[in-house]
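Here's a quick briefing on a few helices and how they sit against one another. Have the structure open as you read.

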Amino acid sequence: QSTAEIISLHKHMVLDYTSRMSLLSKRASYSKSILLCIDYIYNHIHERITINDLAKYTSLSPSHLSKLFKKEVGISISEYIREQKISTAQNLLIYSELSLIEITNHLGFASQSHFIQTFEKYTGLTPKKYRDKYFRTAH
């Protein structure tokens, strides 16, 4: 609605684009199964995602997929999913007016307290403090 908001949005879009391009370049070294997992996680970030869901999607056993994912990506599947959910939550806290409970539900966390605890573990701030600090600003 204002020039400052457009500039901020543009900066966010450029940063988002470059991070996605960086991810794509890293993906070049991933196997087809891991790329399928990453795409599935990205497309289902608003749901509860289990290793069994991903194993079924990739036609691999859960244990084999877990080992392969850890080997190629460097972290466990569950850790990767949490990181992606927290990254999405950060964007929602900055650029939306969704309430904390709406974000919790939107990202499929079991409870608001679990979301707050996980968010604080990854960012060092509670979601409220994060929003207060970064809401609609470039961080």
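Which residue follows α4, and what is the sign of its phi? That residue is G74, with a positive phi near 95°. Bear in mind that this is a predicted model. The notes below start with α4, move on to α5, and then look at two helix pairs.

**Helix α4**
- α4 runs over residues 62-73, and its twelve residues should span 16 Å at 1.5 Å a residue; the end C-alpha atoms are indeed 16 Å apart, so the two agree.
- L65, L68, F69 and V73 are the buried ones to look for in α4. They sit on the same side of the helix, because they cover an arc of only 100° around its axis.
- Flip to the other side of α4 and you'll find K67 and K71 exposed.
- As for partners, the buried residues of α4 pack against α2 (32-43), α3 (51-58) and α5 (77-95).

**Helix α5**
- With 19 residues, α5 reaches 27 Å from first C-alpha to last, close to the 27 Å expected at 1.5 Å a residue.
- Its buried set is I77, E79, Y80, I81, K85, I86, A89, L92, L93 and I94, so to speak a mixed list: E79 and K85 are in there, and both count as charged by residue class.
- Those buried residues of α5 pack against α2, α3, α4, α6 (100-106), α7 and α8 (127-134).

**α3 against α4**
- The axes of α3 and α4 are 9 Å apart, and the helices pack at an angle of about 95°. Angles of 65 to 115 degrees count as roughly perpendicular, and α3 and α4 therefore have that relation to each other.
- On the α3 side, I51, N52, L54, A55 and T58 do the meeting; on the α4 side, P62, L65 and S66 do.
- By class, this contact has five nonpolar and three polar residues, with no charged ones.
- L65 turns up in this contact and is also one of the buried residues of α4.

**α5 against α7**
- α7 covers residues 112-123, and its axis comes within 10 Å of the α5 axis, crossing at roughly 95°. That makes α5 roughly perpendicular to α7.
- From α5, the contact uses E79, R82, E83, I86, A89, Q90 and L93, while α7 brings F115, T118, F119, Y122 and T123.
- Sorted by class, the α5 contact with α7 has six nonpolar, three polar and three charged residues.
- E79, I86, A89 and L93 take part in this contact and are also among the buried residues of α5.

Note on methods
Residues numbered from 1 in each chain as written. Predicted model: local features only at pLDDT ≥ 70, side-chain atom pairs only at ≥ 80, totals over all residues. Heavy atoms only, no water. Helix = DSSP H or I, 4+ residues; strand = E, 2+ residues; numbered from the N terminus. Expected span 1.5 Å × (residues − 1). Buried < 20%, exposed > 50% of the residue type's maximum accessible area, 1.4 Å probe, protein only. Arc of directions from axis to C-beta. Contact = heavy atoms within 4.5 Å. Axes fitted to C-alpha atoms, helices over the stretch in contact; angles between N-to-C directions. Parallel < 35°, antiparallel > 145°, perpendicular 65-115°, else oblique.
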